Structures are given as structure tokens and as C-alpha cells.
Amino acid sequence: MIKKYSIKELLNKEKYFINKKVLVEGWVRSFRYSIFITINDGSTIKNLQIILSEKLEKKISKKITIGTSIRVVGIIIKSIGEKQYIELKSSDILIYGSTDPSIIQKSILQPKRHSFEKLREQAHLRFKTNIFGCVMRIRHHIAFCIHKYFHDRGFFYLHTPIITTSNCEGSGKMFQITTMDLKKSPIDYEKDFFKCKTYLSVSGQLEAETAALGLGKVYTFGPVFRAENSNTSRHLSEFWMIEPEIAFYHLNDNINLAEDFLKFIIKYVVDKNLEDLSFLNEYLEKYKNNKKEHLLERLYLVLKFPFKRISYTEAIEILIKEEKKQSTKFFHPISWGMDLQSEHEQYLVNKYFKIPVVIFDYPSCIKAFYMRINNDEKTVRAMDILFPDIGEIIGGSQREERYEILLQRIKDTNTDKNKLWWYLDTRRFGSAPHSGFGLGFDRLVQFITGMNNIRDVIPFPRTPNNAEF
Ligand code: 4AD
Ligand code: MG
């Protein structure tokens with residue numbers, strides 16, 4: 001039996017494999033002079049060059065087109081060409097599936113540059129492209145090291161429900177689910193599958209809080225759903241969120257954890273995935289209309305300095321001062337109590353501080369019911385982390401652990417108390433200070449890969465008017 005290797009395995013130990021017989025499988029990327037085939041198997045951005053023997057050339061060269069999947073057996077030799085150190089001298093090639101050249105013409109597999117919009121239209125073929133391959137491999141490494149980070153620090157991975165009856169964030173619309181016949185109205189939800197109205201969850205936080213108040217340290221990592229009609233480059237209707245929740249934790253502990261966590265992930269990816277990052281770095285510099293991106297520099301910048309921490313009130317003061325001092329005019333006028341808009345966040349991060357910014361102690365009127373009220377009774381112990389270009393990447397808070405005050409906040413925000421009796425109970429059975437945050441996974445992948453649009457970092461994007469594939 002000849003052993004099968006991935007291209008990554010072969011290229012990682014090139015010298016070792018010289019003169020060894022191996023089996024490789026992959027898809028044809030190019031076929032030149034009727035003897036050089038390059039293949040890629042997805043394991044790495046790099047391709048392997050195959051040399052066809054004369055005998056094989058006669059037998060199969062007509063059947064080989066871009067995209068054809070093949071199985072090759074042969075001997076690894078040192079390459080004469082300068083582009084690669086090793087190549088595979090084939091003794092046997094089996095064709096699994098070929099591609100009709102006429103359909104390649106119309107597909108994103110045609111070897112030329114395609115727009116990201118075009119790649120999205122053929123999302124099922126994107127996985128075969130260099131750029132999307134890099135993004136997907138990086139996405140995997142980020143997900144993997146998130147589990148590693150929490151596991152190594154004693155957190156437990158908590159699976160929270162996707163089907164829920166409550167709206168954790170209060171704002172924004174939820175997707176409703178039902179098995180009732182929608183043609184008949186009015187619908188009697190007493191007869192529905194769960195005997196009540198149910199939705200796809202916008203967050204696992206409330207369940208994570210109940211778990212943290214018994215297990216101490218937990219985190220969730222799952223899909224969440226938001227039916228907001230936000231057609232921006234940073235919004236998805238279905239996205240992945242990581243929500244750590246920690247008992248006996250105050251807001252500052254929470255911010256420290258979030259900063260350490262983000263830096264750990266970025267450092268991990270730079271260490272483990274430099275090959276893919278460098279490819280993206282070069283690609284983005286080349287094609288982003290002279291807007292120098294310097295992806296890697298941007299990542300190093302995040303690692304180098306402590307994040308800037310300012311209160312919401314300080315942020316508003318800075319923005320007012322800047323608007324007076326400079327010719328900067330914001331589209332949304334600034335006043336205390338307003339929700340910071342993307343233009344304000346971008347100004348603070350990209351222009352003013354030029355590093356990630358943590359804003360804490362937001363007005364209670366613009367934040368969710370579960371955040372702990374400060375002594376000033378006007379602000380809550382909330383924190384948002386803003387990143388260059390992306391804006392808000394993390395949203396979190398210290399939670400309101402005082403039963404009566406929480407109950408009042410639930411009333412004041414018109415939240416349905418009856419759906420939250422179990423959540424309120426956690427404040428009656430040994431309540432304790434606790435905190436947590438939510439990291440938008442896809443936004444982080446977007447930042448690390450330098451992609452302009454969040455739809456280009458998720459395998460199958462769900463956005464308003466789009467649930468194809
Ligand atoms: O700020 P959000 O809404 O916070 C929560 O859901 C809390 N329950 C988290 C917690 O404290 N446990 O969302 C958290 C993060 C945002 O900072 C953003 O990065 C991301 O989720 N996010 C989105 N990402 C993609 N598409 C959307 N539509 C998003 N909405 C929020
Ligand atoms: Mg938020």
C-alpha cells in the first residue's frame with residue numbers, strides 16, 4: 001500500500017520526501033506544455049507540481065482541464081525549476097471527475113481575477129479559490145484557538161438553545177418559528193409545537209448566566225439569528241457568537257479578559273497561519289485601489305499597545321470637542337444619551353486614538369435590561385470594544401445581580417417578565433456579581449483576514465433577501 005499524503009504534509013517536510021513514493025489527490029489548477037500539472041487539495045495555499053511521463057501524457061492529457069480531480073502516484077524528486085523545491089514524477093494517474101471547459105468559462109474557476117460579489121454568486125465553488133481557501137483555513141484556526149483559550153483557563157463549553165421564547169437583547173426583530181399552517185389565521189399558538197410563540201435565539205447569554213452561577217466559568221460558541229434589515233458590510237442575519245460568562249467577575253475583570261482574549265487569538269493566527277495571512281496581505285495590497293492595507297501591520301498594531309479605555313461620557317466630550325475644533329462634521333449630531341453611530345466609532349478608533357478602544361459606562365436608556373446600574377442611576381456597567389474599520393467587535397457588561405433592581409429594569413424596558421421567571425430565579429438563589437461579553441466571530445474573522453465585506457468570511461452568508469445555497 002502506498003501511503004497518501006496531503007500537499008501540506010509533503011511541502012512541510014520537502015527534503016524528507018525526496019525519492020519516496022507517495023499518493024496525492026487534488027484538483028487541477030493548471031496544465032502547461034502537456035507535461036506540467038499543478039494541483040491543490042485545499043490543505044494549503046501552495047500547489048504541487050506533477051510531471052507527466054510520456055506514456056501518461058498520451059493516455060490522459062486530453063482529459064485534463066482546470067478543476068479536474070485526480071489521484072496521482074509517483075516519486076517525489078527535487079525540482080529543476082526555481083519556483084518549487086520538490087515535484088512529483090507521476091507513474092500513475094487516475095481521473096475521478098473532469099470539468100467541461102465550456103462551463104469553466106462561465107465559472108469563478110476560470111483563472112483570472114473575479115470580484116468578491118461574483119465569488120458569492122457561486123458560493124459552492126468559492127472553496128476552490130485561493131482567497132476563500134485562505135479565509136476558510138484562518139476561520140478554522142480562529143475557532144480552534146478560541147476553544148483552546150477557554151479550555152486552558154478552566155472554562156466549560158456550554159451549548160445554549162437555538163430555539164427560545166425570550167429576546168435577550170430586547171432590540172431588533174427575531175425570526176419566529178412555527179409548525180402551524182400560516183394560511184389559517186388567526187394562529188392559536190397554544191396549539192403550536194411548543195404550545196407558545198418561539199423564535200431563533202439572538203444570544204445565549206441569559207442561559208450562560210444561569211450556568212455561570214453554578215459552574216463558575218462558561219462560554220458559548222454557536223450561531224445566533226437577527227432579523228434586522230441591516231444591509232451593511234458588517235451585518236449578517238445568521239452569525240456566530242462567542243459568549244463567555246464568569247461568576248464573581250466585575251466590569252474591569254471582564255474588560256481585561258476580553259482584551260487578553262482578542263490578543264491571544266490574533267497572536268495565535270499570526271503564529272500558526274502566516275502563510276495564508278501573507279497571501280491575503282499581498283493580495284489586498286495589490287488590489288485595494290492603492291488603499292494600502294498592510295494587513296499584518298494592522299494585526300501587530302493591535303498586539304502592541306494596551307487598548308484605550310474611556311467612558312461613554314468621555315467619548316461624547318471628545319467627539320464634541322473634535323467637531324468644534326476641526327472641520328469634521330458628523331452626519332448624526334452628538335449629544336449625551338445618543339447611541340454612538342458607526343461614523344463616531346470610526347472617528348475615535350481610526351482617527352483619534354488609532355488603536356482599539358474600549359468604551360464603558362453607557363447610558364442605561366440605550367442598553368439592554370440585564371446590565372448593572374451604576375450609582376449615578378443614569379449609566380450601566382456596559383462595555384463595547386471597537387476595532388479599526390470593523391467598529392464594534394465585542395459587546396458586554398457586568399450583569400445586574402440585585403433582584404429588585406433587575407425586576408424594575410425589566411418593567412422599565414417593557415420586557416416580558418413572565419418569560420424570564422427562570423432567569424430572575426438566579427437572583428433569588430445565591431445571586432452573585434458576574435459579567436460576560438459577546439464576540440462577533442465573523443467580525444473578528446473579517447478583521448483578521450482584512451476582507452471588506454463580512455459575507456466574504458462565512459461559508460454560506462444569510463443576509464436580507466439572501467438565503468441561497
Ligand atoms: O452587542 P451584542 O448584541 O451583544 C449581545 O448579544 C450580548 N448578549 C453579548 C453578551 O454580553 N454576552 O452582540 C455581540 C457582538 C457584537 O459586538 C458584534 O461583534 C456581533 O456580536 N454582532 C454581529 N455580527 C454580525 N452580524 C450582526 N448582525 C451582528 N450583530 C452583532
Ligand atoms: Mg452591541
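# Exercises on helix packing and backbone geometry

Lysine 354 is exposed, its relative accessible area being 52%. This value, like the others below, was computed from a predicted model.

## Exercise 1. Overall description

Task. Describe the secondary structure, extent and burial of the protein.

Solution. Begin with the elements: the protein contains 15 helices and 16 strands. Next, consider the extent: along the principal axes, the C-alpha atoms fill a box of roughly 85 × 60 × 40 Å. Then turn to burial: 51% of the 469 residues count as buried. Finally, examine the contacts between residues at least 6 apart in sequence: 68% of these join residues at least 24 apart.

## Exercise 2. The faces of helix H10

Task. Determine which residues of helix H10 are buried, how they are arranged about the axis, and what covers them.

Solution. Step one is to list the residues. In H10, which spans residues 295-304, the buried ones are Leu295, Leu296, Arg298, Leu299 and Val302. Step two is to view the helix down its axis: the buried residues of H10 fall within an arc of 160°, so they line one face of the helix. A general rule is relevant here: an α-helix has 3.6 residues a turn, so residues three or four places apart point the same way. Step three concerns the other side of H10, where Glu297 and Lys304 are exposed. Step four identifies the cover over the buried residues of H10, which includes helix H8 (251-272), helix H9 (274-287), strand S14 (379-387) and helix H15 (441-449).

## Exercise 3. The packing of H8 against H10

Task. Classify the packing of H8 and H10 and characterise their contact.

Solution. Two packed helices are described by the angle between their axes and the distance between the axes. For H8 and H10 the angle is about 140°, and the axes lie 9 Å apart. An angle over 145 degrees would count as roughly antiparallel; H8 and H10 are therefore oblique to each other. The crossing of H8 past H10 is left-handed. The contact brings Lys263, Ile266, Lys267 and Val270 of H8 against Leu299, Tyr300, Val302 and Leu303 of H10. Sorted by class, the residues in this contact of H8 with H10 are six nonpolar, no polar and two charged. Leu299 and Val302 thus belong to two descriptions of H10: they are among its buried residues, and they meet H8.

## Exercise 4. The surroundings of H15

Task. Establish how many residues of H15 are buried and how H6 packs against H15.

Solution. Start with burial. Nine of the nine residues of H15 are buried, so H15 is largely enclosed by the rest of the structure. The buried residues include the charged Asp442 and Arg443. Now take helix H6 (residues 130-152). H6 and H15 pack at about 125°, with 10 Å between their axes. That angle makes H6 oblique to H15. The crossing of H6 past H15 is right-handed. From H6, the residues Val135, Ile138, Arg139, Ile142, Ala143 and Ile146 meet Phe441, Asp442, Leu444, Val445, Ile448 and Thr449 of H15. By class, this contact of H6 with H15 comprises nine nonpolar, one polar and two charged residues. To finish, follow the chain just past H15: glycine 450 has a positive phi of about 75°.

## Exercise 5. Unusual backbone geometry

Task. Locate the cis peptide bond, and state where lysine 354 and asparagine 414, with their positive phi, are placed.

Solution. The general background is that most residues other than glycine have a negative phi, and most peptide bonds are trans. Serine 185 and proline 186 are joined by a cis peptide bond, with omega about 0°. Proline 186 lies in the loop between strand S8 (176-177) and strand S9 (198-200). Lysine 354 has a positive phi, near 60°, and occupies the loop between helix H12 (342-353) and strand S13 (357-363). Asparagine 414 also has a positive phi, near 55°, and is placed in the loop between helix H13 (403-412) and helix H14 (421-425). Asparagine 414 is exposed, with a relative accessible area of 72%.

## Exercise 6. A serine in a loop

Task. Decide whether serine 107 is buried or exposed, and list its contacts.

Solution. Serine 107 sits in the loop between helix H4 (101-105) and helix H5 (116-121). Its relative accessible area is 9%. Since buried means under 20%, serine 107 is buried. With neighbours within four places in sequence left aside, serine 107 is in contact with His114, Gln122 and Leu125.

Terms used
Residues numbered from 1 in each chain as written. Chains lettered and ligands numbered in written order. Predicted model: local features only at pLDDT ≥ 70, side-chain atom pairs only at ≥ 80, totals over all residues. Heavy atoms only, no water. Buried < 20%, exposed > 50% of the residue type's maximum accessible area, 1.4 Å probe, protein only. Helix = DSSP H or I, 4+ residues; strand = E, 2+ residues; numbered from the N terminus. Arc of directions from axis to C-beta. Contact = heavy atoms within 4.5 Å. Axes fitted to C-alpha atoms, helices over the stretch in contact; angles between N-to-C directions. Parallel < 35°, antiparallel > 145°, perpendicular 65-115°, else oblique. Left-handed = near helix turned anticlockwise from the far one by under 90°.
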